Amino acid sequence: VSIPSFSENNHHGILRVFESAAIPFHLQRIFSVAADAGGLRGEHAHRVCSQLLTCVTGEIEVTCDDGRDKIIHLLTSSSDALLIPPGIWAVQKYLIDQSTLIVFCDQSFSESEYIRTYGDFLNWKCVS
């Protein structure tokens, strides 16, 4: 998902604008995650929740797995946002200390909505 970015006239930064028009769903929840290099986060799938991930500092490698194919995306503070629909196993690997991810969700938190083990995910994919 393309996020509008603007270079500041004084060349001291980039302004990234997250307006509702740029987010492809109605927002229900926003959270951030920070970790040091080598940290792994995610390691789950969602049954119904869509998420839009953006890196605000550092570098984060996101592996998306649909049960057959895996695609690796590199998120940096200057990259676009990554939309992860329901039914995708996602793992975030933090590449630089204190890398920070912001996640926009279309659902409120519900533990029953998560698929927490890869075996359960593959079984769920076979029946969905």
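Me: What makes two aromatic rings a pair in this predicted model?

Reply: Rings of Phe, Tyr and Trp (its six-membered ring) pair if their centres lie within 6.5 Å. A search of the whole structure finds four aromatic pairs.

Me: Why is the pair of W89 and Y118 called edge-to-face?

Reply: The centres of W89 and Y118 are 5.4 Å apart and the planes meet at 80 degrees. Planes over 60 degrees apart count as edge-to-face, so the term applies. The pair links distant parts of the chain, with W89 in strand β9 (residues 89-94) and Y118 in helix α1 (residues 118-127), 29 residues apart.

Me: Why is the pair of W89 and F121 called tilted?

Reply: Its centres lie 5.6 Å apart and its planes stand at 45 degrees. Because that angle is neither under 30 degrees nor over 60, the pair is tilted. W89 belongs to strand β9 and F121 to helix α1, so this pair ties together parts 32 residues apart in sequence.

Me: Which aromatic cluster do these residues form?

Reply: W89, Y118 and F121 form one aromatic cluster.

Me: How do you know whether W89 is buried or exposed?

Reply: Buried means under 20% relative accessible area. W89 has 9% relative accessibility, so W89 counts as buried.

Me: What makes F121 buried and Y118 partly exposed?

Reply: F121 has a relative accessible area of 0%, and is therefore buried. Y118 has 30%, which lies between the cut-offs of 20% and 50%, so Y118 is partly exposed.

How values were computed. Residues numbered from 1 in each chain as written. Predicted model: local features only at pLDDT ≥ 70, side-chain atom pairs only at ≥ 80, totals over all residues. Heavy atoms only, no water. Helix = DSSP H or I, 4+ residues; strand = E, 2+ residues; numbered from the N terminus. Buried < 20%, exposed > 50% of the residue type's maximum accessible area, 1.4 Å probe, protein only.
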